[in-house]
Structure formats: C-alpha cells, structure tokens
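Visitor: Please take me closely through one part of this model, and then place that part in its surroundings. I should like a connected account, with the terms explained as they arise.

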Amino acid sequence: MAQEPARPVCVFLVPVVRDSDRKPHPPVLWRLLQDALFSTFGAVTGPETVAYYRNPVPVRGGWSPGAGRESVEDLSRKYTVAVPEDRVDELRAILRRAGNSFDQRVMYLEVAGYAELLEVRAADGFLL
Amino acid sequence: MKKRAYHTITGRRFELGGLGEKERKFLGAVQRKFARGAEWSEFAAWWVAAFWRSALPADSLTYRICQDLEARLGIAQGKVASPDYRDYLADLIEERYGSRYRFCKETGVDPGHLSRVMASRSELSLQSLQRILEALHAALIIQPEESLAERVSPRRAAEALAAAAR
C-alpha cells in the first residue's frame with residue numbers, strides 16, 4: 001500500500017485583540033477564519049488560548065512592535081493543522097488575509113518547528 | 001405544537017424541527033458540554049473536533065449553531081466584541097445570498113470595500129448602508145444596550161438548546 005506523504009505540522013497564532021486599538025475582534029471575524037480553515041484544510045486542532053509577548057526582539061510566539069517600544073503580554077489563539085507540503089503556501093495566504101482582517105501587522109506561523117513571521121500587506125486582501 | 005428554533009446573536013432563526021438523527025445526537029452532546037460551562041477557546045476546540053468526528057456536512061445548521069455558541073462564550077468572557085452592524089450584515093448576506101461574492105455581484109457593492117468594512121478597517125456611509133439594507137430587505141433599528149446583552153447571553157442559548165433536546 002502506498003504511504004501518504006508526510007505532512008508538516010503547522011502552528012499559528014491569532015491575537016485576540018486588534019493591533020491598532022487593542023480591542024477584541026467582532027464575532028464575524030472568528031467565524032470567517034474558521035470557515036476558511038475548515039473549507040480549505042478540513043480538520044484543524046484548536047484553538048487554545050495562550051499568552052504571548054509583543055517584544056522589541058522577535059521571539060517565539062511574539063512579534064516586534066518597533067525598536068524602543070515596551071513589550072506587552074497579550075492573549076492569542078493557537079491553532080494546529082497538518083498540511084501537505086505543497087499546500088503550506090495556501091495556509092500562508094489565509095494567514096496574511098487573516099492578518100488584514102484581524103488588524104495585525106505580522107502573523108506568527110511555525111512550519112515543522114521552524115518559525116516564520118509573516119508580514120501582512122494591504123495587497124494580501126481580507127478573509128471573505 | 002410550538003416549533004423549536006434557535007436564534008443566533010444577530011437574531012437569525014434556525015428551525016430545529018427538521019434536523020436529522022445524526023444532527024440531533026451531535027447537538028445533544030453540544031448542549032451537555034455547553035451547559036457545563038467552558039472557557040471560550042476550550043469550547044471551540046471541543047466542538048470543532050466533535051463536529052469533524054461526526055462527519056456532518058459543513059452546511060449543517062449545527063455548524064453555525066456551534067459558532068454562535070462559541071461567540072456567546074467569547075462575548076461573555078470579554079474576549080470577543082459584542083456584535084455590531086457588521087455581524088448583522090454578514091448574517092443577512094449569508095441568509096439571503098449564500099455568499100458575499102454573490103451579494104456583491106448582484107448588487108454592485110464593491111467586494112474590497114465590504115471586506116474592509118467587515119474587518120472594521122472602514123465604515124459604510126449612511127447612504128451606502130441604506131442601499132445595502134434595501135438590497136437585503138432589512139431595516140435599521142436602534143435598541144437599548146440591555147436588550148442586546150440579553151440576546152447574546154449564553155444562558156438564552158442554553159435554554160433554547162435544552163428545549164430542543166426535550
């Protein structure tokens with residue numbers, strides 16, 4: 001029997017507050033994210049609420065708010081999904097769109113243990 | 001006989017009478033879990049896994065009901081904002097047009113602008129809102145905050161689910 005190719009485990013964080021005004025997100029955004037993940041990848045593990053740090057130096061589970069600014073602790077939702085290697089870019093695209101929708105400058109993603117800080121650009125669009 | 005229905009935080013009504021055996025069983029498990037109380041994300045992780053195991057289709061009403069229950073917990077626990085006009089529009093668009101893509105195509109609303117509005121990155125002018133409401137056959141109503149708090153409470157949803165399970 002042919003063995004299914006290994007799927008890298010991807011972990012990503014979605015902060016529970018907006019970058020600009022630190023207010024919580026409206027319900028519709030969590031729904032759109034869930035719909036996008038469910039329709040694209042099916043099974044997703046999580047979310048799990050975790051503490052993370054916005055630190056001047058990028059650290060695991062954090063991002064840089066800019067040199068000289070104080071780090072603050074925030075809550076984030078952590079999701080885990082095993083994605084075929086050739087579809088990790090689809091996950092990156094969803095996260096960039098989620099970044100715009102959730103008002104984040106950077107999204108944290110780990111692919112098979114390697115951390116990535118995805119810069120969010122206006123051209124990436126929004127969750128639909 | 002009184003029809004069993006579930007009302008979402010935006011007032012969308014889901015008839016529960018037509019649910020199949022598998023959906024009723026799943027909703028029963030959800031009702032028991034929800035009644036025990038849970039942290040917002042813990043409940044979310046639980047129902048997503050349970051829904052996946054149940055092999056119910058993504059368009060099952062139970063999927064939307066679980067998302068609504070999750071939102072109620074998030075609002076009650078201060079981790080999710082109370083619904084504003086965006087949530088009402090999103091629900092009405094889904095109910096009447098199926099998708100935002102189709103809604104924009106049929107009404108001429110700019111999808112990019114609507115996405116920015118949904119993400120709270122832009123606002124609708126009163127004229128634009130009026131035009132969208134006309135397309136959705138909806139009206140703007142101003143209500144006191146207390147009535148909203150009652151509508152989004154986890155308790156109200158728990159009661160509706162318990163009644164449906166009887």
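Guide: The account below begins with chain B and the side that touches chain A, and then turns to chain A itself.

This is a predicted model, in which local features need a pLDDT of at least 70 and side-chain atom pairs count only at pLDDT 80 or more, while totals for chains, interfaces and linings use all residues. Residues are numbered from 1 along each chain as its sequence is written, and chains are lettered from A and ligands numbered from 1 in the order in which they are written. The pLDDT is the predictor's confidence in each residue, from 0 to 100.

Chain B contains nine helices and two strands; these are DSSP runs numbered from the N terminus, helices being H or I of at least four residues and strands E of at least two. Along the sequence the pattern is β-β-α-α-α-α-α-α-α-α-α, with both strands ahead of the helices. The C-alpha atoms of chain B occupy a box of roughly 45 × 35 × 30 Å along the principal axes. A compact globule of 166 residues would have a radius of gyration near 15 Å, and the 17 Å of chain B agrees with this; the radius is taken over C-alpha atoms, and the globule rule is 2.2 Å times the number of residues to the power 0.38. Of the 166 residues, 32% count as buried, that is, 20 or more other C-beta atoms, placed from the backbone, lie within 10 Å of their own.

Chain B is assigned two domains, domain 1 (5-80 + 147-165) and domain 2 (85-144), with bounds from an automatic or database domain assignment. Their centres, taken over C-alpha atoms, are 24 Å apart. Five residues of domain 1 are in contact with six residues of domain 2, where contact requires C-beta atoms, placed from the backbone, within 7 Å. On the domain 1 side there are one nonpolar, three polar and one charged residues. Here Ala, Val, Leu, Ile, Met, Phe, Trp, Tyr, Cys and Pro count as nonpolar, Asp, Glu, Lys and Arg as charged, and the others, Gly among them, as polar.

Between the chains, 26 residues of chain B are in contact with 25 residues of chain A. Helices H2 (40-54), H3 (61-76), H4 (85-97), H5 (100-107) and H6 (111-118) of chain B each supply at least two residues of this side. H2(B) gives the most, with five residues. By class, the side divides into 14 nonpolar, four polar and eight charged residues.

The partner, chain A, has two helices and six strands, in the order β-α-β-β-β-α-β-β. Strand S1 (residues 9-15) of chain A runs antiparallel to strand S5 (residues 106-111) of chain A, joined by four bridges; strands pair if DSSP finds at least two bridges between them. Leu13(A) has Tyr108(A) as its bridge partner in S5(A). S5(A) is also joined to the antiparallel strand S6 (residues 114-119) of chain A, by six bridges, and Val111(A) stands opposite Tyr114(A) there. These two strands form a hairpin with two residues between them, and Ala112(A) in the turn has a positive phi of about 50 degrees.

Chain A averages a pLDDT of 83, and 80% of the residues score at least 70. Over residues 55-61 of chain A, however, the pLDDT is below 50. Where pLDDT is low, the predicted coordinates should not be read in detail.

Notes:
Contact = placed C-beta atoms within 7 Å. Buried ≥ 20, exposed ≤ 12 C-beta atoms within 10 Å, placed from the backbone.
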